[in-house]
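Subject: Structure for you to look at

Hello,

I am passing on the structure we talked about. My notes on what turned up in it follow below.

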Amino acid sequence: MTALLEARNIGKRFGGVRALQAVSLTIQRGEIYGLIGPNGAGKTTFFNVLTGLYPRDEGEVIFAGEPLPLGEPHRVAQAGITRTFQNIRLFANMSARENVMVGRHARSKVGVAGAVLRSRAQREEEAAISRRADELLAYVGINARAGDLAKNLSYGDQRRLEIARALATEPQLLALDEPAAGMNATETAALRGLIVRLRDDGFTVLLIEHDIKLVMGLCDRIAVLDYGQKIADDVPAAVQRNPKVIEAYLGTTA
Amino acid sequence: MSAGMNNARMPRNVQLALAVIALAVLPFMVSAGLGNTWLRVLDFALLYVMLALGLNIVVGFAGLLDLGYIAFYAVGAYVYALLASPHFGLHWPVWAILPLGALAACGFGVVLGAPTLRLRGDYLAIVTLGFGEIVRIFMNNLNAPVNITNGPKGIASIDPIQVGGHALAQPLEIFGVTVPALVLTYYFFLALALLVMLAGLRLQNSRIGRAWAAIREDEMAAKACGINTRNIKLLAFAMGASFGGLAGGLFASFQEFVSPESFSLMESIMVLCMVVLGGMGHIPGVILGALVLTVLPEAFRHGAGPVQQAVFGQVLVDPENLRMLLFGLALVAVMLYRPSGLWPDPRHRQEFNSR
Amino acid sequence: MVVPYKPYGQLALLVLCPPPYRIIRGVDIFLQQVANGLTLGSIYALVALGYTLVYGILGLINFAHGEVVMVGALTALAASKFLLAAALPPAVVFVLAFLLAAAVCMALGVVIERIAYRPLRNAPRLAPLITAIGVSIILQQLAMMLWGRSYHAMPQLLPETAFVLGGVQITMIQLVIIGVAGLTMAALLVLVNRTRLGRAMRATAESPSIAALMGVDANRIIVLAFLIGSALAALAGMLVASNYGIAHYNMGFMLGLKAFTAAVLGGIGNLAGAVVGGLLLGVIEALGAGYIGDLTGGVLGSQYQDVFAFFVLIGVLVLRPAGLLGERVAERA
């Protein structure tokens, strides 16, 4: 398997605080890669640097063989990494279908002229976008709610919608920020099934999660961050036994 | 659904036909019933409809606060005035100048927007306000050392629009009926206003329109979806500016005179209020807002004096003062009690009323 | 207060000051313009403090603030005329007129806050902006109805003496303005930084909810901010009217806009910034208006004076939105 993403020495400072220090990791194509660590370890900061929300101070990322344009979220998305947000950021007053259609923006091209003139190309593209949106809504299982406003969906459906919208951008790497947050056991199991299906359908998944059971059972490999540094990077079984990881989560024995 | 009487709405085609007929005979009814002054007001109302629809793209679709929109109107008007009047002795044809004016306004929009559109809402509002004032000050003072805009005196004797060789300022003989100039202008403006409206509707329901709505809802999430928010916002700004410039050219040719006075901050605020009070982002609402805010103040201006005379025996308060005072009160009242506007998009009503 | 060293102010002055080897006709003229600029700037600073107090706590641009200045000026003018006619000595008239103007403006400020801003605390940003515009219009119209459209002459309450210091002419009025403004601003800074009340204000500005947990009533603090801001507005209005000798219904708009520019220049929400920004903007404007003819070879003249403030505003917001003394605020994800 070829490496899809290679992060080298990513560093990020906020004033005097070193949020990330020389974090390097490699994600293989087609694997489910987990990123865990105690609260404040820098997991979401890493996500934000990776997807361009924060400019990084040091390091670079090679994605699919090309350097990733860090610092510009829309270009990162166009390059093939799409993320979901820890606190779900949907377009609340747009319908579920419209949310997913927005996701198609980067993969479509009709501009102002086409829109105003309603050319044949524009009508065809609109129909294709709409069709694809419905397909994706069905894929994640919420096609019954396609016309409902995003803010009126249940919490679980909103999470699924965010994933559908992310899929619309045709990512190679799907970066999920705590997708199971706030979910009960049933919902988490359904989410697990969805992520496995995503992997089977060819997507690579990067996952931040606090639900250790989910992560250990689902991920092919796991990286552990603590105080902004990577302290482990291995298969789940090895990570579980790693003394540094245990110490980070539980503290040392007296 | 009530039993008994059939309350079903009329079929779409019938509604449309009635609307077309109403719009077609309206000018004649107004001129016969209310006089030519009101026909002129109607023509101006159509210009403001175009302006409001243009600003709606910026404020309503993309969610960008613009308090200096009238600057684009001014640019379009002055381009027309400079190219079709005795001022420079140029008399270019209208089909060339109108697009040029729109293009010039578009250019100004891009120049203003490129560095400023990433600013937060309040700041963008103040910056655009400053820009509007800068344009007005320059228009007012660019008469020395080289006389470009003729300063406060403005530019007069502007050529009226020629359609098919016929100047819209002259009445037209057709099938034995004399159609007055103001009515001809009405039809021309109406056609253009309908085109602007159609463009707005199509933009709203397109890929770009969705991108604007996404940015309005959550700009960060929009970026994460691959939308180049800076360019898309600039696009909204440029489009709004273009429509403003187009309306400006029409204004110059209709009034046959332009001066910096017509492009004050108050005008920018008026157009913004047409959009906001009408129903931000909702095209029918915006059109309603433009019509109400053009017609009502005129009605007031004509009526306030006589009414006071009748009731109090004298004019206590200058109608102009009273009109503006009531406008200010209306602004406050609407924002407090119906902030989503007179005719909001059914979805947006909730957005605004969640207090 | 420690003012951190930021070279932008000097840079701005350098850009706008003509290089000595080419254009300066005399150091006197330069210093004269600086003196004029400091006078103007003191007034901007007083008004800017009002903007920044409200913005720091509410996050709201009080668009109507400029009109409150106008009301202060006209009220002081009317009071001065009335009191002079009652044969009171000018110095007493000065103080009494100010007190009356301040009372009116403070009442006005409280009413505006209660009616136009408080109900919209949680509404989208556009709503309070529109109501502010509405209030601004209402105030202008009321002023027009009460005082008409003409320019009213402000009675001279201060002696007309002028001093000459090192080639620069400074009038008594200018000295009073700079002095009074300076003292007031110093008093305000002491209030905010050294008193319990000031601490409560700063806490509310940082986080109203947490301040509330500490027993601070946010509403009272907000009303206080409006009271102080309005009193400063009344003072500024009266000083402007004294300086230029006239007051009229439309004087608030430009002044308010420029004072807001000053607040942004200094770093909105930062009191010291409002002072620095005000003084700096005044000097920039005076120097600009004085030298623009030379700088542009006669193409642009001093009638473009107003434009300077706008260019400064756009420049600051584009290049350094936090202002000279403000903090860098990174966008949160």
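Two strands are taken to pair if DSSP finds at least two bridges between them. Three bridges join β6(A) to β7(A), so these two strands pair, and they run parallel. Please keep in mind that this is a predicted model.

**The six-stranded sheet of chain A**

β6 and β7 belong to an open sheet of six strands in chain A, with the order β6-β7-β8-β3-β9-β10 and mixed pairing. β6 (81–83) and β10 (229–234) of chain A are its edge strands; each has a single partner, so one side of each is left without a neighbour in the sheet. From one strand to the next, the twist averages 20°.

Going inwards from β6(A), Thr82(A) stands opposite Leu174(A) in β7(A). β7(A) is joined in turn to β8(A) by five bridges, again in parallel, and here Leu176(A) has Leu207(A) of β8(A) as its bridge partner. Further along, four bridges connect β8 (residues 204–208) of chain A with β3 (residues 32–36) of chain A, and these two strands also run parallel. In that pair, Leu35(A) is found opposite Ile208(A) of β8(A).

Two helices pack on this sheet. Helix α1 (residues 43–50) of chain A touches β3, β6, β7 (173–177), β8 and β9 (221–226) of chain A, and its direction makes about 145° with that of β7(A). Helix α7 (residues 185–200) of chain A touches β3, β7 and β8 of chain A, and its direction makes about 150° with that of β8(A).

How many residues of β7(A) are buried? The count is five of the five, so β7(A) is largely enclosed by the rest of the structure. Leu173(A), Ala175(A) and Asp177(A) point one way from the strand, while Leu174(A) and Leu176(A) point the other way; all are buried.

**The four-stranded sheet of chain A**

Chain A also has an open sheet of four strands, ordered β2-β1-β4-β5, with antiparallel pairing. The edges are held by β2 (17–28) and β5 (66–67) of chain A, each with a single partner strand, so one side of each is left without a neighbour in the sheet. Within this sheet, β1 (residues 3–14) and β4 (residues 58–63) of chain A pair in the antiparallel sense over five bridges. Ala7(A) has Val61(A) in β4(A) as its bridge partner.

**Chain A as a whole**

Chain A has ten helices and ten strands. Its radius of gyration is 19 Å, close to the 18 Å that the globule rule gives for 254 residues, so chain A is as compact as a globular protein of that length. Its C-alpha atoms fill a box of roughly 70 × 40 × 35 Å along the principal axes. Of the 254 residues in chain A, 46% are buried. Taking the contacts in chain A between residues at least 6 apart in sequence, 67% join residues at least 24 apart.

**Chain B**

In chain B there are 13 helices and eight strands. The radius of gyration of chain B is 21 Å, which agrees with the value near 20 Å expected of a compact globule with 355 residues. The box filled by the C-alpha atoms of chain B is roughly 65 × 55 × 50 Å, taken along the principal axes. Buried residues account for 50% of the 355 in chain B. Among contacts in chain B between residues at least 6 apart in sequence, 73% join residues at least 24 apart.

One helix pair in chain B deserves a note. Helices α3 (residues 70–83) and α5 (residues 121–141) of chain B pack at an angle of about 30°, with their axes 8 Å apart. α3(B) and α5(B) are therefore roughly parallel to each other. On the α3(B) side the contact is made by Ile70(B), Ala71(B), Ala74(B) and Tyr78(B), and on the α5(B) side by Phe131(B), Gly132(B), Val135(B), Arg136(B) and Met139(B). By class, the residues of this contact are seven nonpolar, one polar and one charged.

**The contact of chain B with chain C**

This contact takes 33 residues from chain B and 35 residues from chain C. On the side of chain B that touches chain C, α4 (94–116), α5, α10 (265–279) and α12 (319–337) of chain B each supply at least two residues. α5(B) gives the largest share of that side, eleven residues. The same side of chain B has 24 nonpolar, six polar and three charged residues.

Regards

Conventions:
Residues are numbered from 1 along each chain as its sequence is written. Chains are lettered from A and ligands numbered from 1 in the order in which they are written. This is a predicted model: local features need pLDDT of at least 70, side-chain atom pairs count only at pLDDT 80 or more; totals for chains, interfaces and linings use all residues. Axes are lines fitted to C-alpha atoms, for helices over the stretch in contact, and angles run from 0 to 180 degrees between N-to-C directions. Two residues are in contact if their C-beta atoms, placed from the backbone, lie within 7 Å. The radius of gyration is taken over C-alpha atoms; the globule rule is 2.2 Å times the number of residues to the power 0.38. A residue is buried if 20 or more other C-beta atoms lie within 10 Å of its own, exposed if 12 or fewer, and partly exposed in between; C-beta atoms are placed from the backbone. Angles under 35 degrees count as roughly parallel, over 145 as roughly antiparallel, 65 to 115 as roughly perpendicular and the rest as oblique. Ala, Val, Leu, Ile, Met, Phe, Trp, Tyr, Cys and Pro count as nonpolar, Asp, Glu, Lys and Arg as charged, and the others, Gly among them, as polar.
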